[in-house]
Every structure is written in C-alpha cells, then in structure tokens.
Amino acid sequence: MIIEFLILSIGLGIGLAMDAFSVSIANGLKEPCMSSSRHAKMAGIYAFFQFAMPMIGWLCVHTIQEAFVSFQKFIPWIALLLLLYIGIQMIVDGIKGEDNAKEQKEEAIAADEKKISTKTLIIQGIATSIDALSVGFAIANYSTIRAFASSLVIAVVTFIICMIGVKLGKIFGCKLHKYANFLGGGILIAIGLEIFIKSFI
C-alpha cells in the first residue's frame, strides 16, 4: 500500500515537474554564473508551489468544489499569460543586450542586473504549478495526512528535477550566453503555449 502510494506520488511529481524543469533550464541559460545558493533557492521556490497547489486543490475539492470546477477553465489562460509575459521580457532583454554586445562580456553575465528576480521566480513557480490544482481531484479520496504526504513527495521530486534543469541550463548557458535570453524566452513561450493547447485536447 505504501509502495503503491509512493509510486503514484512520484509519478505525479515527475509529470507535474516537467514544465518547471524546462523553465529551470531557461533560467540556467539566462544566468549561467549563478551561485549554488541561488540554484537551490530557484528549485526550492518551484518545489514549494508544486507542494502548495495540489494541497490547495485538495482543499477546494473538499470545501468549494462547484466554484473550483468553474475556475479550472481559466487555469491554462493564466499559465499562458504569465509565461508569455516572462518569455517576451527575456527576449526583449536579449535584444537590448545585443545593442551593447561588445561591452557585455563574461563579467556582465554575473552582474546583478542579469540575475532573475525573486518576483520573476514566484511568477514562474505559479505559472508552472497552477495546473497542479487539478491534482486535488486525483487525491480527493486521500485523508489530510496522505494528501500532505503526497504533495510533499511531489515537492521533493520537483526540487531534484529542477536542480538538474538549472544545472543543465548553466552548462549550456556558459557556452551559449550570447543567445541565452532568446533561447530561455522561447522555451517559456513554448511551455505556455503547450499548457494552453493541451487543455483543449
């Protein structure tokens, strides 16, 4: 029973973390010289939202199910708009960076203005985890403790996957830093469109 519970929770975690994984790669591309603490902070923020959303969904199913069902149709639109906003912003930053390409060498990559703000990370965390609200239906028959434990497993899986994603982004970002904003922005826009289109299939 416990093994089955863990397998299901890990499976949910892997599935839900794929969008956050892609965004982590995009962030690593944008900020290839980030410190280990920022690396962990980034993964931690995504993991927190992947923990919170299934729990919020579970609570909604048990309290305001009718209103929650009505809200579900807006989830893909919210994710699309948030990721489009951040993705376009990254591409605009890349275009601005090209104007000063000769002056912006490796030291500019590590500069404070290149760092992804906590506000942006939170927006990304919400955008990539908002579809996890629907997991509330999948775990609706769980007790409070089991729902909490399942969400915690999902968070741990997300953290590990996002740590890997940021690392991959940093590796390629060091090699492709000239195009990092364009690649990262393109990835975010593609994820937003994928979430939106998938909701109609």
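**Close-up 1. A nonpolar patch on the surface of the predicted model**. Phe148, Leu152, Val156, Ile160, Ile164, Leu168, Ile171 and Phe172 together form a nonpolar surface patch in this predicted model, with a combined accessible area of about 690 Å². One of these residues, Val156, is placed in helix H8, which spans residues 144-175. Val156 counts as partly exposed because its relative accessibility is 45%, a value that lies between the cut-offs of 20% for buried and 50% for exposed.

**Close-up 2. The largest nonpolar core and the helices that supply its residues**. This core holds 44 residues, of which Met42, Tyr46, Leu83, Ile139 and Leu188 touch the most other members. At least two residues of the core are supplied by each of helix H1 (2-30), helix H2 (36-63), helix H4 (75-99), helix H6 (118-129), H8 and helix H9 (180-198), and the largest share, twelve residues, comes from H2.

**Close-up 3. The surroundings of Tyr46 and a second core**. When neighbours within four places in sequence are left aside, Tyr46 is in contact with Ala20, Val23, Ser24, Asn27, Leu121, Gln124, Gly125, Thr158 and Cys162. Separate from the largest core there is a second core of five residues, among them Ala17, Phe21, Val153 and Val157.

**Close-up 4. Two buried cysteines, Cys60 and Cys162**. Cys60 has a relative accessible area of 14% and therefore counts as buried, and Cys162, which is in contact with Tyr46, is likewise buried, with a relative accessible area of 0%. The structure holds zero disulfides.

Definitions and conventions. Residues numbered from 1 in each chain as written. Predicted model: local features only at pLDDT ≥ 70, side-chain atom pairs only at ≥ 80, totals over all residues. Heavy atoms only, no water. Patch = residues over 30% accessible without salt bridge, like charges linked within 9 Å, V, L, I, M, F, W, Y side chains within 5 Å. Areas by Shrake-Rupley, 256 points an atom, 1.4 Å probe, with all protein chains shown as cover. Salt bridge = Lys/Arg side-chain N within 4 Å of Asp/Glu carboxyl O. Helix = DSSP H or I, 4+ residues; strand = E, 2+ residues; numbered from the N terminus. Buried < 20%, exposed > 50% of the residue type's maximum accessible area, 1.4 Å probe, protein only. Core = buried A, V, L, I, M, F, W, Y, C linked by side-chain atoms within 4.5 Å. Contact = heavy atoms within 4.5 Å. Disulfide = S-S within 2.5 Å.
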